Amino acid sequence: MGNATQFIGTPDTVNTNRSQGLNPVAIEAIDLVKDYGRGEGIVHALRHVNVRFEQGKFTAIMGPSGSGKSTLMHVLAGLDSATAGNIYFAGSNITKLNDKQLTMLRRHEVGFIFQSFNLLPMFSAEQNILMPLTLAGAKPDRAWFDMLVNTLGLRERLGHRPNELSGGQQQRVAIARALISKPSVVFADEPTGNLDSVSSAEVLSFLKQSVRELGQTIVMVTHDSVAASYADRAIVFADGRIVADVEAPKAEQMNDLLMQERERATRMASPSPMRAVGMHAAMPAQQ
Ligand SMILES: Nc1ncnc2c1ncn2[C@@H]1O[C@H](COP(=O)(O)OP(=O)(O)OP(=O)(O)O)[C@@H](O)[C@H]1O
């Protein structure tokens, strides 16, 4: 797919899994820290996160509300800066880029899909799909456009504005818009959050297909274990850390993991008086 090094300059390190027989790394975070605020009110949103995403893989990021999923995605995508640590995008350290270089990276190497579609209401589906190229002053690859439009079943809808499309159709337009510039990585933030189960299944099937058939790399934040089961891998976040990393996730397995995490978080948030003084194991049974 894309060619990040073209925009980023000389890599100061290149990470590749080739020698291990794995796909090359699309993006990697090393010891990534993100704090919001300072002093008493500081929030540690990412606590020394180490993670790599391989090219041509579909990864889901799950975890309780406030655990740091969106923060990770925003920092990886260059939408927000890291407090500390490094991010390697196609082998180049993007934490060293200036604002202009970051804009170029986002424009050419990253595709975004949002829960609320974020289509421009005054423009047709076709104009929305082509918008990233229009903004970049680039010519569309018509064959690629046709392939996306046909695969996503949008041929008959190209002249329609977003308010003339169903939620599922709007999200398919948003997917075509994310893929039109052949980005290195697509970040999807709750892409099925506003869709019914049939439209969700359609959208997820296409995301999976774009990974299988087009070699796309996708990182998707989701609260939905069924959505995560479409991914090749699921990462579970809790309190700014990765607490589980699952290959070929199953919906039930992810539900169990999330439930465990929720129970653990509840226990930590409200320790019983006995646990607080370390008495739970030693307490004799009450008569
Ligand atoms: N701009 C900000 N300023 C201050 N704190 C923030 C900001 N953005 C996020 N946070 C805090 O950082 C932590 C992680 O937030 P984040 O949005 O990454 O969580 P999340 O896992 O994506 O949650 P959700 O599932 O609810 O979207 C939370 O405690 C949140 O309140």
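Me: Before we look at the sheet, what does it take for two strands to pair?
Reply: Two strands count as paired if DSSP finds at least two bridges between them. Keep in mind that this is a predicted model. Here, strand S1 (residues 25-36) and strand S4 (residues 84-89) run antiparallel and are joined by 5 bridges. One residue pair to look for is Ile30 with its bridge partner Asn86 in S4.

Me: Which strand is on the other side, and in what order do the strands of the open sheet lie?
Reply: In general, strands of a sheet pair through backbone hydrogen bonds, either parallel or antiparallel. In this model the open sheet has 4 strands in the order S2-S1-S4-S5, with antiparallel pairing. Strands S2 (43-54) and S5 (92-93) are the edges, each pairing on one side only. S1 and S2 share 8 bridges, and Lys34 has Leu46 in S2 as its bridge partner.

Me: How many bridges join S4 to S5, and what happens in their hairpin?
Reply: There are 2 bridges between these antiparallel strands, and Phe89 stands opposite Ser92 in S5. The hairpin has 2 residues between the strands, and Ala90 takes a positive phi near 50°.

Me: Now for the ligand: which elements give two or more residues to the shell around it?
Reply: Those are S2 and helix H2 (69-76). H2 makes the largest contribution, with 3 residues. The residues around the ligand include Val43 and Ala45, as well as Lys69, Ser70 and Thr71.

Me: How do the residues of that shell divide into nonpolar, polar and charged?
Reply: The shell around the ligand has 3 nonpolar, 8 polar and 1 charged. Among its members are Gly63, Ser65, Gly66, Ser67 and Gly68.

Terms used:
Residues numbered from 1 in each chain as written. Predicted model: local features only at pLDDT ≥ 70, side-chain atom pairs only at ≥ 80, totals over all residues. Near = placed C-beta within 6 Å. Nonpolar A, V, L, I, M, F, W, Y, C, P; charged D, E, K, R; others polar.
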